[in-house]
Amino acid sequence: MSGARGGAARTLRVPGRHGYAAEFSPYLPGRLACATAQHYGIAGCGTLLVLDQDESGLRVFRSFDWNDGLFDVTWSENNEHVYREHSQEVYSVDWSQTRGEQLVVSGSWDQSVKVWDPTIGKSLCTFRGHESVIYSTIWSPHIPGCFASASGDQTLRIWDVKTTGVRIVIPAHQAEVLSCDWCKYNENLLVTGAVDCSLRGWDLRNVRQPVFELLGHTYAIRRVKFSPFHASLLASCSYDFTVRFWNFSRPDPLLETVEHHTEFTCGLDLSLQSPTQVADCSWDETIKIYDPACLAAPA
């Protein structure tokens with residue numbers, strides 16, 4: 001099934017800004033942050049947009065300009081901070097959501113991962129081992145101090161802050177791995193999305209082969225997100241301009257394909273407040289919030 005049939009998308013066009021990442025606020029319903037860059041992130045500056053929804057659509061609540069392109073965004077409970085330790089682009093950032101932790105993890109094209117305590121002006125530790133650029137870093141929502149990273153070296157790696165070393169190395173794809181996410185309902189399940197157009201699920205108790213593989217995208221998968229409301233549902237967006245929704249427990253897993261962008265779709269998030277609401281952003285200078293049909297009436 002194609003198209004956003006669950007209702008028309010609320011769209012904001014931001015001329016001269018190409019979308020890289022979108023994330024709903026975990027605190028305020030309907031609020032969205034979007035990281036953007038000029039000139040497709042190759043050169044120029046960036047803008048962080050904070051958006052609100054109302055009956056007329058999307059509007060800009062606040063915007064923050066930056067000297068360089070912005071490639072990822074995460075919400076925090078603290079005030080703004082600026083850290084300068086990575087030697088190349090920081091492509092991924094994530095705020096820990098596990099109880100009692102106030103840590104940020106960042107992944108960079110300098111092949112390192114750093115963990116930060118926002119109350120301290122420097123990183124707590126640096127993790128090395130990846131042999132290529134790091135595209136994605138994500139905290140476990142279940143295990144304190146544990147995070148995953150995905151890299152151009154074709155691996156998914158699981159790390160532990162307490163040991164400052166890698167716990168598991170998974171040869172996830174025979175291609176660059178651009179995104180990973182941790183299942184909200186299963187502490188052992190992660191998903192990866194890669195340049196080979198496939199999504200693969202990994203059970204950390206046995207990583208010799210994936211527990212599922214989802215095929216359908218025709219270009220590299222830029223971002224993948226598990227649903228916060230449905231244990232076997234996830235979404236992915238791609239350089240093929242589409243967002244696809246999957247139920248990996250079904251023999252025919254593809255639920256819906258939404259094609260409402262005219263360029264690479266890079267940012268994707270599922271609302272923590274509304275079971276049906278999705279946000280995405282694209283290099284076509286638009287940000288959209290919508291309710292896909294498969295989430296409005298999940299199987």
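In strand β5, Ser63 is the bridge partner of Leu49. That pair belongs to the link between β4 (residues 46-54) and β5, which pair in the antiparallel sense over nine bridges. Two strands count as paired if DSSP finds at least two bridges between them, and the strands themselves are DSSP runs of E, at least two residues long, numbered from the N terminus, while helices are runs of H or I of at least four. All of this is read from a predicted model, where local features need pLDDT of at least 70, side-chain atom pairs count only at pLDDT 80 or more, and totals for chains, interfaces and linings use all residues. Residues are numbered from 1 along each chain as its sequence is written, and side-chain values use heavy atoms, with hydrogens and water left out.

β4 and β5 sit in an open antiparallel sheet of four strands, ordered β2-β3-β4-β5. Its edges are β2 (18-24) and β5 (57-66); each has a single partner strand, so one side of each is left without a neighbour in the sheet. From one strand to the next the twist averages 25 degrees, with axes fitted as lines to C-alpha atoms (for helices over the stretch in contact) and angles running from 0 to 180 degrees between N-to-C directions.

Another open sheet, again of four antiparallel strands, runs in the order β14-β15-β16-β17. Here β14 (177-182) and β17 (212-215) are the edge strands, each with a single partner, so one side of each has no neighbour in the sheet. Neighbouring strands are turned by 20 degrees against each other on average, direction ignored. Going through the sheet, β14 and β15 are joined by five bridges, with Trp182 opposite Leu190, and a hairpin connects the two through six residues. β15 then pairs with β16 over five bridges, and Val191 has Gly201 as its bridge partner in β16. The hairpin between β15 and β16 has three residues in between, and Cys197 in that turn has a positive phi of about 75 degrees. Gly201 also stands opposite Phe212 in β17, part of the four bridges that join β16 (residues 198-203) to β17.

What about the cover on β15 (residues 189-194)? Six of its six residues are buried, meaning under 20% relative accessible area, with exposed set at over 50% and partly exposed in between (1.4 Å probe, protein chains only). Leu189, Val191 and Gly193 lie on one side, and Leu190, Thr192 and Ala194 on the other.

Strands β12 (residues 155-160) and β13 (residues 165-171) pair antiparallel over six bridges, with Thr155 opposite Pro171. They form a hairpin with four residues between them, and Thr164 in the turn has a positive phi of about 50 degrees.

The unreviewed UniProt entry places "repeat: WD" at residues 83-117, 127-163, 170-206 and 214-256; such annotations may be inferred rather than shown by experiment. Residues 127-163 are 0% helix and 54% strand, with end C-alpha atoms 10 Å apart.

As for cysteines, there are zero disulfides, a disulfide being a pair of cysteine sulfur atoms within 2.5 Å. The sulfur of Cys237 is 6.7 Å from the closest cysteine sulfur, in Cys266, too far for a bond. Cys237 is buried at 0% relative accessibility.

Confidence is given as pLDDT, the predictor's score for each residue from 0 to 100. The chain averages 87, and 89% of the residues score at least 70. Among the elements, β6 (residues 90-95) has the lowest mean, 77, and β16 the highest, 98.
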